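This report looks at how charged side chains pair in the structure shown below, and then turns briefly to its cysteines.

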Amino acid sequence: MPAFKTIDDISNPAGKRVLVRVDLNVPVADGKVTDKTRIERVAPTILELSKKGAKVILLAHFGRPKGEPVADMSLSLIVPAINEVLGTKILFAADCIGPDAEKAVASMKDGDILLLENTRFHKGEEKNDAEFTEALAANGDIYVNDAFSAAHRAHASTEGLAHHLPAYAGRTMQAELEALEKGLGAPVRPTVAIVGGAKVSTKIDLLQNLVKKVDALVIGGGMANTFIAAKGINVGKSLCEHDLGDLARTIMTEAESAGCAIVLPIDAVVAREFKANAANETVAIDAIPADAMALDVGPKSVEAINEWIGKASTLVWNGPLGAFEITPFDAATVSAAKFAAAQTKAGKLTSVAGGGDTVAALNHAGVADDFTYISTAGGAFLEWMEGKELPGVAVLSKTA
Ligand SMILES: Nc1ncnc2c1ncn2[C@@H]1O[C@H](COP(=O)(O)OP(=O)(O)O)[C@@H](O)[C@H]1O
Ligand SMILES: O=C(OP(=O)(O)O)[C@H](O)COP(=O)(O)O
């Protein structure tokens, strides 16, 4: 575990302006938060600092707005859910830097909690731009990073700020690293990884190293469509990143050399509309109609996936196997989740899953509590698993 300072090392937080980086990138449907796990996980840090009399100023991103304000990516949408979890009313400022932020911070009393608007509404955030970082730092005396799930990003609010202010790890950051080390520090083989979901381009790179660490890599969701297409199979209108075909083929070749089995779907549940209860059919993977989308992996694929889970001693999982938010396309994810939970309860499996939507999917399946450990992190968790240095964690120990 990297050595860093924690909240215990803040000598007297009372009256201090503490910039706390949290991950509020939560699943939302019809303007409502559908899974509050990430908020629940950062609540202890926020409440502890507030109780100690600090002025708690929350920094977070929401979605991928590309450096411009986007109405449905405003963190104001998350405020009611935060109030509910914290059991107190927080303040909100319409910008994370400049006069709006300054005014809101200046009016805070000791113990108040203020959420600043989406840091990604400014281009400087993802560029880790010095001027933007300074503008963020102007509103704080201390920086606490509690966003383990965003620690794989070297952004202004996740990395840059630690160079400008005394930096500490929050309680969730500490707990995540400790739990991952305990559960996966020395994984018992065979180790199986399941990677699915929709963030294909940002996660596909990780698979190149992951295939060297695991005995089987099960690929589902939009990631599977990209691999299927790379094999020359038509995936119709499915979520698929066709330009990543070369990389997908390289990963399959490297997996073979490393002795890692790649488990791709052999059938799919397809529909013509992305909505709950859309008319659907199950087809062989090479028979996806040109006008349809594969929204879930099919029952034969689930059988094969569960067979791999049955052989595994360790399971790491990020990314749902299908569009689990809309029935019946949650079937494969729910089935594999229930089977992995049963294996874990029977003492046959160490199961670690992570990612905002993955946690929501496991909650939806009603089995999140039965997994060995649930991380709030998806991409960060996979990068940690690869043995990569996470910039948001590394900077905390470098500046300690
Ligand atoms: N076949 C598919 N087609 C479209 N979307 C999919 C498919 N499979 C999974 N998804 C979507 O992937 C999203 C989750 O992906 P991702 O953000 O990568 O996971 P996590 O947040 O757990 O890291 C969900 O919203 C789900 O609907
Ligand atoms: O939701 C997140 O990552 P995850 O989907 O890998 O769990 C984090 O908030 C990071 O978001 P990003 O992948 O847009 O940088």
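## Salt bridges and cysteines

Across the whole structure, a search finds 17 salt bridges; the model is a predicted one, and the distances and accessibilities given here are computed from it. As background, side chains of opposite charge can pair when their charged atoms come close. Three of the pairs are set out in the table, and the text then takes up where their partners lie.

| Salt bridge | N to O distance |
|---|---|
| Lys123 and Glu68 | 2.8 Å |
| Arg272 and Glu281 | 3.4 Å |
| Arg272 and Asp291 | 3.2 Å |

**Lys123 and Glu68.** The salt bridge between the side chains of Lys123 and Glu68 links distant parts of the chain, the two residues being 55 residues apart. Lys123 belongs to helix H4, which covers residues 123-127, whereas Glu68 sits in the loop between strand S4 (55-59) and helix H2 (79-86). Lys123 counts as partly exposed because its relative accessibility is 42%, which falls between the limits of 20% for buried and 50% for exposed. Glu68 is likewise partly exposed, with a relative accessible area of 42%.

**Arg272 and its acidic partners.** Arg272 forms a salt bridge with Glu281 and also one with Asp291. Arg272 lies in the loop between strand S12 (267-271) and strand S13 (280-284), while Asp291 lies in the loop between S13 and strand S14 (293-297), so this pair ties together parts that are 19 residues apart in sequence. As for exposure, Arg272 is partly exposed at 43% relative accessibility, Glu281 is partly exposed with a relative accessible area of 35%, and Asp291 is partly exposed with a relative accessible area of 40%.

**A shared network.** Which residues are joined into one network by salt bridges that share partners? They are Asp8, Glu48, Lys52 and Arg171.

**Cysteines.** How many disulfides does the structure hold? The number is zero, which means that no pair of cysteine sulfur atoms lies within 2.5 Å. Two cysteines can be described by their accessibility: Cys96 counts as buried at 0% relative accessibility, and Cys240, at 14% relative accessibility, also counts as buried because this value is under the 20% limit.

Definitions and conventions:
Residues are numbered from 1 along each chain as its sequence is written. Chains are lettered from A and ligands numbered from 1 in the order in which they are written. This is a predicted model: local features need pLDDT of at least 70, side-chain atom pairs count only at pLDDT 80 or more; totals for chains, interfaces and linings use all residues. Side-chain values use heavy atoms; hydrogens and water are left out. A salt bridge is a side-chain nitrogen of Lys or Arg within 4 Å of a carboxyl oxygen of Asp or Glu. Helices (H or I, at least four residues) and strands (E, at least two) are DSSP runs, numbered from the N terminus. Buried means under 20% relative accessible area, exposed over 50%, partly exposed in between (1.4 Å probe, protein chains only).
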